[in-house]
Amino acid sequence: MDRLRGWPASMAEGPVGLRPLRLRDVRDWRDTRLRNAEWLRPWEPSNPETPLFRTGLGPYVSMVGTLRREARQGMAMPWVVTYEGRFAGQLTVGAIVWGSARSAQVGYWVDGALAGRGIIPTALAMAVDHCFFTTGLHRLEANIRPENHASRRVVEKLGFREEGIRRRQLHIDGAWRDHICYALTVEDVPRGLLVQWRRTMNSAARRSESSPG
């Protein structure tokens, strides 16, 4: 496939938004990454193109160029995550395979100052629905270090199923690390993942309102 159906795409759910990564996001991206270096270090692939402590613009320009080229080739969808209109993180659907697989992998990070507000689950639910019902993918995977409990909670709350350990899958923080594979297929969410996530959020809000005190 030479071009992704439905790309570029922007979408929003309440204060949470997704839009394509742009070159002019460079300062927000760099500042957020530097401020969150220790927060992100244990979970980030060891990749010289996106080092956490480089302050120059070159690594970002290189990354955006690579991701935009992959998007044109039907291999990636790189999004900025926004919260109340401001830069909040990144979500990328990559390693897209067509043919009989129609699968991809998803990765994400969020500004630690905004963690715990449901930003990434909401963004991921929107991305999943777009991938399944607009782009035409069949399966999405998220591979997460066993120690990354916050990221695991994101996919578990959204109903991704655990499919086992991938031994020494990625080089992260100085060593080859195991990852747990989580996955969804389009049959798992016939009415859309965002609909399920809204129900989960509404139920949690009702329980909070009914709690004493």
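Thr-32 touches Phe-87, Trp-109 and Asp-111, leaving aside residues up to four places away in sequence. The model in which these contacts appear is a predicted one. Thr-32 is part of helix 1, which covers residues 26–35. Its relative accessibility is 4%, and because buried means under 20%, Thr-32 counts as buried. Cys-181 offers a reference point elsewhere in the chain: between Thr-32 and Cys-181 there are 27 Å from C-alpha to C-alpha, with a sequence separation of 149 residues.

From this one residue we can turn to the chain as a whole. Six helices and eight strands make up its secondary structure elements. Read from the N terminus, their order is β-β-α-α-α-β-β-β-α-β-α-β-β-α. The radius of gyration of the chain is 17 Å, and the globule rule gives 17 Å for 213 residues, so the chain is as compact as a globular protein of that length. The C-alpha trace spans about 50 × 45 × 35 Å along its principal axes.

The contacts show how the chain is put together. Among contacts with a separation of 6 or more, 62% are between residues 24 or more positions apart. Of the 213 residues, 47% are buried.

What lies inside can be described through the nonpolar cores. The largest nonpolar core has 46 residues, and those touching the most other members are Leu-18, Trp-79, Leu-91, Val-93, Leu-124, Leu-137 and Phe-160. Helix 4, residues 119–135, gives the most to this core, contributing ten residues. Another core lies apart from the largest one; it has eleven residues, including Val-26, Trp-29, Tyr-60 and Val-80.

Leu-137 can serve as an example of a residue in the largest core. With neighbours within four places in sequence set aside, Leu-137 is in contact with Val-93, Ile-96, Trp-98 and Arg-102, and also with Ser-103, Ala-104, Cys-131 and Phe-132. Of these partners, Val-93 is itself among the core residues that touch the most other members.

The outside of the chain remains. Its accessible surface comes to about 11000 Å², and carbon and sulfur atoms account for 50% of that area. The chain carries 32 positive and 22 negative charges, and the mean positions of the two sets are 3 Å apart.

How values were computed. Residues are numbered from 1 along each chain as its sequence is written. This is a predicted model: local features need pLDDT of at least 70, side-chain atom pairs count only at pLDDT 80 or more; totals for chains, interfaces and linings use all residues. Side-chain values use heavy atoms; hydrogens and water are left out. Helices (H or I, at least four residues) and strands (E, at least two) are DSSP runs, numbered from the N terminus. The radius of gyration is taken over C-alpha atoms; the globule rule is 2.2 Å times the number of residues to the power 0.38. Buried means under 20% relative accessible area, exposed over 50%, partly exposed in between (1.4 Å probe, protein chains only). Contact means heavy atoms within 4.5 Å. Accessible areas come from the Shrake-Rupley method with a 1.4 Å probe; for residues, only the protein chains shown count as cover. Lys and Arg count as positive and Asp and Glu as negative; His and the chain ends are not counted. The place of a charge is taken as NZ of Lys, CZ of Arg, CG of Asp or CD of Glu. A nonpolar core is a set of buried Ala, Val, Leu, Ile, Met, Phe, Trp, Tyr and Cys residues joined through side-chain atoms within 4.5 Å.
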